[in-house]
Amino acid sequence: MSSIVSYEIIGNVGVISVNNPPVNALSQAVREGILNALNQAQSDASEAVLLLCEGRTFIAGADITEFGKPPQPPSLPEVLTAVENSKKLVIAALHGTALGGGFELSLACHYRCAVASAQVGLPEVKLGLLPGAGGTQRVPRLVGVKAALDMLTSGKPIAAEKACDMGLIDEIIPSSDLKADALNYVKDLLDSGAPLKRVRDINIDPSSIEPGFFDNYRKQLSRRARGQIAQDRIVSCVQAAVTMPVDKGLQRERELFMELLTSPESAAMRHIFFAEREASKIKDVAKDTPVREINKVAIIGGGTMGGGIAMCFANVGIPVKLLEIDNEALQRGMGIIRKNYSITVRKGKLNEAQMEDRIKLISGITDYADLADVDQVIEAVFENPGIKKVVFGKLDEVCKPGAILASNTSYQDIDDIASATSRPEDVVGMHFFSPANVMRLLEVVRGEKTSDDVLATVMKLGKKIGKVCALSKVCYGFIGNRMLSGYGREAQMLLLDGCTPVQVDSALEQFGMAMGVIAMGDLAGLDVGYKARHARTDLQKDPKAYRIADSLVESGRLGQKSGAGFYNYDATTRARSSDPEVEELIRSEAEKLGIQPQQFTDEEILQRCFYPLINEGALILEQGIAQRPSDIDVVYVYGYAFPVAKGGPMYWADQIGLKNIYDKVCEFRDKYGEKYWTPAPLLQKLAEEGKTFAQWSRENG
Ligand code: NAD
């Protein structure tokens, strides 16, 4: 027996133990070990076989490092067939997280027991795949079609007790000693003469499914799946579980799994999976850099962002002090926090008691002296460098040595802010995205003097509060907002060139963006950008690009909050509709500028909107603002809802070919002018060398 899988007989039970740290992934050695042990058990003195894992979890999924490599026997379906066909009972004992292939293996067992803290799930959909080892055939047989589809298409894990209620697990066992408690359960089964129960033998009655059920389910999915095809294929598999004999269903599942495995969508999603893990690693900061202890946090400013950030910490049990300018502002901020939590309670994701516990962790203050004991401060006051510097000057006076002083600024220079303190090494940017308690991205901004341990601490803290962290150096707008400016600008220019807002937004939404950029402006409030533009110097101002947006604001159309912006909004449903008056305004402004309206295809709209992102991304890379192209992808997927099935802008660019993009940028330069379109030198270089950003990244360490 391999050291990764061991087999012993305890009493009358053959016990197979998997020991493949850290998560007992289903590597080739694990599959082979289980198969060998199972074969041995068939002819020894054991009366039943118990399958369990050592360490912190049951098998938590496939070994994804084996993806894309030639498959090594035995395959997982082969192991599952052997388990299912065993003439002795096979019982799985689950603890930790039994996910993906691990959970599918347990579904082939005749019985499943689990400790209450265990979770089960089939998260393949998150990588653009489907469970390819019987999950789509066995889960509906156990829990019914609707519950199976919800589980398979969301990929969300399910807690053991709920899984037991649903029928995915047969028994919850005590958690004092996994092996002993599981053996007791096996003994009970043997004593009661429990039969060999095979999930495959359960039949689903097709007449129990309402006509049109699958079509309706697909329709609902297409709204949230945004360019992902795995959800659709999962529905096909579950449909097969209802309409085909089990072996045919399993074959169908295998075929569709193979289709997804080689699909561009899954490749893009796997890219993001690895990119996300890579992004938190800072190339020149040692992995073992000691981190500072963060037990108490303070947020300065309890507005839109400050309140959301405070919630992030309260959600993981870290006490937060929220400082505002006066009591009135404080009460307003605390009120918004309560309102936001109440929405979560209404959705059933939190109960009242949990809400109160979290709110209790947030204490409002108005006196800077109360910050003396905090380990970490995050400033989220108005986006004004003068005000921010005054705040940092005060923090420098009152905070204890070693406290980390972070700013949530969207654009300002962290080094300038740090210069207001006597400890620039403790100053860092922590750029959250709105709503801060929901959006996953955290841009960590490294100042000139930010120390390594501050960076390491903030990366760890970000992870603790559930964020995906990416590092940026200092520049106007950091990675995300800096790249965004060309995207927003071109969408506006397309209107002047002859597109309607609906046409631009539909092309972007069809591509997979959650919301088109024009509608996004309405959601954020058109006055926000207006104020920012008007605060710029004459040299930076561009009276042409934002002409329409400016006139809308000046006529009181501020976006959703005023009921109208580029679109009109229904007062109750907030549904958007186009407004002929806006279209007329666009036409007349274009005419004043002497622009002849043209026709654009969706592809051209995407090129105009996204190629500036890619071009700016190339500049950001060569300037060393971002560490890697994949970090930029992470920023766009988690901070700006770029479709994960496209893998982020830089990955997408690699798929299109940098030469194609470079040529188009040059064409746009010749047509629309250098002011808007200047190819980044790195884009030109890679296009000429026939390389991708990914290759460049590998070559540059
Ligand atoms: P906001 O206007 O909603 O809130 C700012 C809060 O700071 C107000 O409640 C104000 O009373 C308080 N405040 C001002 N001066 C203060 C001081 N000296 N001491 C204590 N409190 C003070 O603003 P916001 O949208 O939450 O933005 C805050 C910061 O976050 C800005 O730097 C902004 O650029 C950044 N940011 C905003 C967003 C967003 O989408 N709103 C996203 C990312 C980052």
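In this predicted model, a nitrogen atom of the ligand sits 3.3 Å from an N or O atom in the side chain of Tyr368. Two further polar approaches involve oxygen atoms of the ligand. For Glu383, an N or O atom of the side chain is 2.5 Å from a ligand oxygen, and for Lys388, a polar side-chain atom lies 2.6 Å from an oxygen atom of the ligand. The surroundings of the ligand comprise 21 residues. Glu383 and Lys388 are both among the closest of these, a group that is completed by Met305, Glu324 and Ser410.

Attention now turns to the helices, starting at the N-terminal end of the chain. Two packed helices are described by the angle between their axes and the distance between the axes. For helix 1 (residues 28-42) and helix 2 (residues 76-84), the axes cross at roughly 20° and come within 10 Å. With an angle under 35 degrees counting as roughly parallel, helix 1 and helix 2 are therefore roughly parallel to each other. The crossing of helix 1 with helix 2 is left-handed. On the helix 1 side, the contact is formed by Arg31, Ile34, Leu35 and Leu38, and these residues face Leu76, Glu78, Val79, Ala82 and Val83 of helix 2. Sorted by character, the residues of this contact between helix 1 and helix 2 are 7 nonpolar and 2 charged, with no polar ones.

The loop that precedes helix 1 deserves a look of its own. Most residues other than glycine have a negative phi, and most peptide bonds are trans. Against that background, the peptide bond joining Pro21 and Pro22 is cis, with omega at about 5°. Pro22 belongs to the loop between strand 2 (13-18) and helix 1. Asn24 is placed in the loop between strand 2 and helix 1 as well, and its phi is near 55°, a positive value in a residue other than glycine. Another cis peptide bond links Ser434 to Pro435, here with omega at about -10°. Pro435 is found in the loop that runs between strand 15 (427-432) and strand 16 (441-446).

A second helix pair is made up of helix 3 (residues 100-108) and helix 4 (residues 135-143), whose axes are 10 Å apart and which pack at an angle of about 55°. That angle makes helix 3 oblique to helix 4. Like the pair described above, helix 3 and helix 4 have a left-handed crossing. Glu104, Leu107 and Ala108 of helix 3 meet Gly135, Arg138, Val139 and Leu142 of helix 4. In this contact of helix 3 with helix 4, 4 residues are nonpolar, 1 is polar and 2 are charged.

Further along the chain, helix 26 (residues 649-656) and helix 27 (residues 658-672) pack with their axes 6 Å apart, at an angle of about 95°. Helix 26 and helix 27 are therefore roughly perpendicular to each other. Helix 26 contributes Ala653, Asp654 and Ile656 to the contact, while helix 27 contributes Leu658, Asn660 and Ile661. The residues of the contact of helix 26 with helix 27 divide into 4 nonpolar, 1 polar and 1 charged.

Finally, Pro681 is located in helix 28 (residues 681-689). Once its neighbours within four places in sequence are left aside, Pro681 is in contact with Leu619 and Glu622. Between Pro681 and Gly393 there is a separation of 288 residues in sequence, and the C-alpha to C-alpha distance in space is 40 Å.

How values were computed: Residues are numbered from 1 along each chain as its sequence is written. This is a predicted model: local features need pLDDT of at least 70, side-chain atom pairs count only at pLDDT 80 or more; totals for chains, interfaces and linings use all residues. Side-chain values use heavy atoms; hydrogens and water are left out. Axes are lines fitted to C-alpha atoms, for helices over the stretch in contact, and angles run from 0 to 180 degrees between N-to-C directions. Helices (H or I, at least four residues) and strands (E, at least two) are DSSP runs, numbered from the N terminus. Angles under 35 degrees count as roughly parallel, over 145 as roughly antiparallel, 65 to 115 as roughly perpendicular and the rest as oblique. A crossing is left-handed if the near helix is turned anticlockwise from the far one by less than a right angle, and right-handed if clockwise. Contact means heavy atoms within 4.5 Å. Ala, Val, Leu, Ile, Met, Phe, Trp, Tyr, Cys and Pro count as nonpolar, Asp, Glu, Lys and Arg as charged, and the others, Gly among them, as polar. A residue is near a molecule or strand if one of its heavy atoms lies within 4 Å of it. A polar contact is a pair of N or O atoms within 3.5 Å; within protein, one must be able to donate a hydrogen and the other to accept it, and residues adjacent in sequence count only if both atoms are side-chain atoms.
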